[in-house]
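Student: I am new to this structure and would like to go through it step by step. Could you show it to me before we begin?

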Amino acid sequence: RFKEWVTSLMKMEKTCREMERQARASTVRFKYLYSGMHPTTPRDFSFQHRVRVVDFWYEYHKDAWNTKHPGLKRKGSAGSMKVANPGSLPPQHHIKKQLSTRRMMSRSHTSLLRDAGSGAVCSLPPVDNATRERYLKLCNGLTATPLPIPFVIGETNDLDLAHLDLSDMELLAVAETLPTVDMVKKVDLHGNSLLSDKAVAQLLLRVLQPKLSSTLLELSIAGCTRAGPQSMERIVELVSDAFNLRRLDLSQVKIEHYKLLPLCDAISKGQTLSYVSLSGTGFGKGPSGFACACVTTLLQGHVAELDLSWNQFSAEIFSCLGETLAKRKMVKKLNICNCSGGCIDSLSTPVNFYLEQLQMDSALTSLDLSMSHMDYRSALVLEDALQNH
């Protein structure tokens, strides 16, 4: 009898794994079909990008040959490396190597004969780019495989790390290169759910440098589900210091209720911040009075596109939202998808209290009310509001 149970459980486990694999494949196909995304191949990249990637790996392997590189000297851990003057400390020795086909084809016959006759050791030249040099050294010290991302290979000033499934070690290696650059326009960690709160906070701490925060235009940690209080503290500081910030995306990041009001206050003081996404962050949880205070503070700024979807709003919060929007007349696009499912009673849905204020909001041009559990009463209120809008 026991063997039969074990056999049935093993078959069930195998079936569940197969169903999970099929579900993941279906999710990927759905995302590619309906979101306009498609898997990229090397042929999809430009010729300049492919050349930079080839140079990146060439420098990586070249640096791996030269074990006594004079440009960096290590003290303690990999995170405490300091850049030294390349000409101040001569290399102690070089590993002998034969010239590759690429190097031999690019050199003249006379120089090859001269090197062969002298018996000199072919020393490897240093990496030209300081950011790449630091990144490759850190990856070597952390025993991590480097990633040829466009920011590291010098192709762009956008730190785009979206959907790379980075680990903490890989992110920290990239974060240590930020002191060597003068400008970062975009920081995107979308979809990196493996990153811990500490790792995200360390990266944001590097971006808090005045020369970087003053040039930052977009910030996104959407989908970093393990981000917590430390990351929120850095984000509040960064939103306050980055006076050119235009877009802020914190979707699917759970925010503690005691961090919401400071965050809303920092957003309201942003003069250039026009897009804010707080989808699925737990906005609206806790006492209704506190949530109304957050809504009122948030809408005091210059936000034109606001995404509050997948949160739980009560009737009081919806009423406060509608009144504040009608009074301020700043938000042009609003997304409150699936926000009224947690407080439905037998008489009315909470979203009706917002619809009653809709006709007074003349600035709103786009509204998403999908999955709001609207009934025939909601349809009548919405019809009346749109006729008078």
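**Helix packing and salt bridges**

Tutor: The model is a predicted one, and a good place to begin is the crossing of helix 7 and helix 9, which is left-handed.

Student: Which residues of helix 9 make the contact with helix 7?

Tutor: The contact has two sides, and helix 7 brings Asp197, Lys198, Val200, Ala201, Leu204, Leu205 and Val207 to it. On the other side, the residues of helix 9 are Pro229, Gln230, Ser231, Arg234, Ile235 and Leu238.

Student: How many nonpolar residues does the contact of helix 7 with helix 9 have?

Tutor: Sorted by class, the contact of helix 7 with helix 9 includes three charged residues and two polar ones. The number of nonpolar residues in this contact is eight.

Student: Are helix 7 and helix 9 roughly parallel or roughly antiparallel?

Tutor: Two packed helices are described by the angle between their axes and by the distance between those axes. Here helix 7, residues 197-207, and helix 9, residues 229-241, have axes 8 Å apart and pack at an angle of about 20 degrees. Angles under 35 degrees count as roughly parallel, and therefore helix 7 is, with respect to helix 9, roughly parallel.

Student: Where does Ser213 lie, and is Ser213 buried or exposed?

Tutor: Ser213 lies in helix 8, which spans residues 210-213. Leaving aside residues up to four places away in sequence, Ser213 touches Val207, Leu208, Leu238, Asp241 and Ala242. Buried means under 20% relative accessible area, and because the value for Ser213 is 4%, this residue is buried.

Student: How many salt bridges does a search of the whole structure find?

Tutor: One of them joins the side chains of Glu237 and Arg234, with an N to O distance of 3.7 Å, and another joins Glu13 to Arg17. A search of the whole structure finds salt bridges numbering eight.

Student: By about how many helical turns are Glu13 and Arg17 separated?

Tutor: In the salt bridge of Glu13 with Arg17, the closest N and O atoms are 2.8 Å apart. Glu13 is partly exposed at 42% relative accessible area, while Arg17 counts as exposed at 56%. Because the two residues are four apart in helix 1, residues 2-34, the separation of Glu13 and Arg17 is about one helical turn.

Student: How far apart in sequence are the parts that Glu176 and Arg206 tie together?

Tutor: The side chains of Glu176 and Arg206 meet in a salt bridge with an N to O distance of 2.6 Å. Glu176 lies in the loop between helix 6 (168-175) and strand 4 (186-188), whereas Arg206 lies in helix 7, so the pair ties together parts whose separation in sequence is 30 residues.

Student: Are Glu237 and Arg234 in one helix, or in which two, and how exposed is Arg234?

Tutor: Glu237 and Arg234 both lie in helix 9, three residues apart, which is about one turn of the helix. Glu237 is partly exposed, with a relative accessible area of 36%. For Arg234 the relative accessibility is 22%, and Arg234 therefore counts as partly exposed.

Student: Which residues do salt bridges that share partners join into one network?

Tutor: Glu176, which counts as buried at 14% relative accessibility, belongs to this network. The residues joined through shared partners are Arg134, Glu176 and Arg206.

Conventions
Residues are numbered from 1 along each chain as its sequence is written. This is a predicted model: local features need pLDDT of at least 70, side-chain atom pairs count only at pLDDT 80 or more; totals for chains, interfaces and linings use all residues. Side-chain values use heavy atoms; hydrogens and water are left out. Axes are lines fitted to C-alpha atoms, for helices over the stretch in contact, and angles run from 0 to 180 degrees between N-to-C directions. Angles under 35 degrees count as roughly parallel, over 145 as roughly antiparallel, 65 to 115 as roughly perpendicular and the rest as oblique. A crossing is left-handed if the near helix is turned anticlockwise from the far one by less than a right angle, and right-handed if clockwise. Contact means heavy atoms within 4.5 Å. Ala, Val, Leu, Ile, Met, Phe, Trp, Tyr, Cys and Pro count as nonpolar, Asp, Glu, Lys and Arg as charged, and the others, Gly among them, as polar. A salt bridge is a side-chain nitrogen of Lys or Arg within 4 Å of a carboxyl oxygen of Asp or Glu. Buried means under 20% relative accessible area, exposed over 50%, partly exposed in between (1.4 Å probe, protein chains only).
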